[in-house]
Amino acid sequence: MKNLNLYNYILTIADNSLILAQRLGELCGHGPNLETDIALTNISLDLLGQTRSYYQYAAKISGEDKTEDDIAFLRIEREYKNCLLVEQPNTHFGHVIGRQFLFDSYHLMLMEKLQDSPDETLAAIAKKGIKEVSYHKRFSSDWVKRLGDGTEESNAKMQEAIDDLWHYTDELFFMTEAEKVLAEDGIGVDISTFKKKYYEEVSEILKEATLSVPENKYFAKGGKEGVHTEYMGYILADLQYMQRTYPNMTW
Amino acid sequence: MVRPYFTLSAPDSCRDEVFLIYKNKLLTETAKIQSHLIPVLKTVSDPEIPVLSVLDLGVIREAIEENGIVKIKLTPTYSGCPAMDVIADDLKAAFSEISKKAEVELVLSPAWSTDWISEEGLQKMEEYGIARPLSESHDKDVLLGEKKMVKCPQCGSTNTHLVSQFGSTACKALFKCDDCQETFDYFKCLK
């Protein structure tokens with residue numbers, strides 16, 4: 001493939017949105033109350049919409065006879081480039097919110113940089129996405145504060161979730177080969193540039209939520225290079241079932 | 001703020017063709033739509049807000065007939081809006097009824113804004129029971145629950161409060177009127 005680096009770069013961003021959308025989709029009809037159920041599935045839908053735009057672009061530049069659906073449904077686990085954070089399970093509402101908050105904070109900073117990319121398609125997707133992602137972030141950070149600064153139990157659960165998820169945050173800033181090349185070309189975002197800002201901003205909100213900021217020495221990584229946690233296989237089994245069972249099916 | 005409007009007299013620069021022009025306050029975003037296509041476009045509505053035509057909604061960025069094929073550029077309100085696929089199919093179906101082939105292309109840039117909804121569209125929306133988007137700063141105030149400014153489409157009171165930042169579709173938030181006790185959708189400001 002001629003544009004292999006660009007292709008991989010698009011998937012590195014898009015797969016996060018796909019897998020998180022799938023995770024949130026699992027909550028459809030199972031949210032803790034009607035309003036949050038609707039909110040989480042709305043966020044899922046936004047992410048899925050962004051994913052489609054990225055995959056359509058990736059399919060176009062692949063130079064092969066590919067569609068967005070092939071990219072979404074017909075890859076094997078090792079070919080998905082999402083970070084480990086987004087595949088973590090909906091253990092309890094604290095985890096759902098914690099995962100969303102840690103990802104949204106990163107996602108918004110990424111979109112803010114990506115909108116200035118000289119690649120017109122990536123810039124357009126990011127510009128559109130920013131409006132949605134800032135809304136997601138408002139929702140998730142509000143809930144972090146509400147739960148953290150809520151009852152003793154909600155505080156304990158929110159803290160537990162943040163502690164569980166914290167060691168997946170460093171991977172957000174791990175740069176794959178494609179990301180390095182694209183950042184050097186000026187098309188992609190050098191994500192290392194906002195790592196400090198990310199941790200400062202996230203810590204500030206956690207403090208406001210009366211939560212303590214974890215101090216991990218070790219962090220997990222691998223997802224962005226296709227080495228996932230055990231959850232990923234189950235997510236894909238759900239996600240890919242229809243296309244694998246009835247190839248080329250459409251609604 | 002200048003709301004989008006329809007102009008039915010031809011601008012001097014294009015005597016033969018009449019364009020429907022949308023303008024926002026910066027006068028930078030314009031949509032090019034040939035006038036003879038307008039009656040057909042008016043028949044296609046947003047499946048989730050059926051009182052709004054695609055023209056009212058401002059999602060048609062271009063509609064031009066070339067060599068017998070109607071080429072349409074459509075922009076999504078939200079990235080994942082499931083109505084877009086339906087609208088694209090409806091557009092093709094509407095033109096096929098007058099034996100014309102339509103090609104629909106989805107364009108993302110410039111990103112859609114609630115400023116592109118026509119004044120007529122906003123009125124129809126209110127009559128339908130959806131509160132119209134406020135300005136950007138007021139929108140933030142009401143969605144953070146800091147001010148009461150959203151007008152209940154049922155009784156007109158502004159004594160309303162936010163129930164959920166996310167409503168029945170991606171573009172709406174859920175509100176409740178504290179006077180008439182009705183819940184209603186508020187169309188979120190998007191800029």
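**Exercise 1. The hairpin and its sheet**

Find which residue takes a positive phi in the hairpin of E10(B) and E11(B), then work outwards to the sheet.

*Solution.*
- Start in the turn: five residues lie between the two strands, and Gln181(B) is the one with a positive phi, near 70°. Keep in mind that we're working with a predicted model.
- Now look at the strands on either side. E10(B) covers residues 172-177, and it pairs with E11(B) in the antiparallel sense over five bridges.
- Pick out a pair to check by eye: Phe175(B) has Phe184(B) of E11(B) as its bridge partner.
- Turn to the other neighbour of E11(B), which spans residues 183-187: two bridges tie E11(B) to E8(B), and these two strands run parallel. Here Ala131(B) sits opposite Tyr186(B) of E11(B).
- Put the strands in order. You get an open sheet of four, E8-E11-E10-E9 in chain B, with mixed pairing. Its edges are E8 (130-131) and E9 (160-164) of chain B, each of which pairs on one side only.
- Last, ask how covered E11(B) is: four of its five residues are buried, so to speak of E11(B) as mostly covered is fair, given that buried takes 20 or more other C-beta atoms within 10 Å.

**Exercise 2. Two helices of chain A**

Work out how H2(A) and H6(A) are oriented towards each other, and what their contact is made of.

*Solution.*
- Take the geometry: H2 (residues 34-61) and H6 (residues 120-148) of chain A pack at about 165°, and their axes are 11 Å apart.
- Compare that angle with the cut-off: over 145 degrees counts as roughly antiparallel, which is why H2(A) is roughly antiparallel to H6(A).
- Add the handedness: the crossing of H2(A) and H6(A) is left-handed.
- List who touches. On H2(A) we have Ala39(A), Ile43(A), Asp46(A), Gln50(A), Ser53(A), Tyr54(A) and Tyr57(A); H6(A) brings Thr121(A), Ile125(A), Gly129(A), Glu132(A), His136(A) and Phe139(A).
- Sort them by class, and the contact of H2(A) with H6(A) comes out as six nonpolar, five polar and two charged residues.

**Exercise 3. Where the chains meet**

Say how many residues each chain puts into the contact of A with B, and which element of chain A gives the most.

*Solution.*
- Count first: 18 residues come from chain A and 14 from chain B.
- Next, find the elements of chain A that supply two or more residues to the side touching chain B: they're H2 and H6.
- H2(A) gives the most, with 10 residues.
- Finish with the classes on chain A's side: seven nonpolar, five polar and six charged.

Key: Residues numbered from 1 in each chain as written. Chains lettered and ligands numbered in written order. Predicted model: local features only at pLDDT ≥ 70, side-chain atom pairs only at ≥ 80, totals over all residues. Axes fitted to C-alpha atoms, helices over the stretch in contact; angles between N-to-C directions. Parallel < 35°, antiparallel > 145°, perpendicular 65-115°, else oblique. Left-handed = near helix turned anticlockwise from the far one by under 90°. Contact = placed C-beta atoms within 7 Å. Nonpolar A, V, L, I, M, F, W, Y, C, P; charged D, E, K, R; others polar. Pairing = 2+ DSSP bridges. Buried ≥ 20, exposed ≤ 12 C-beta atoms within 10 Å, placed from the backbone.
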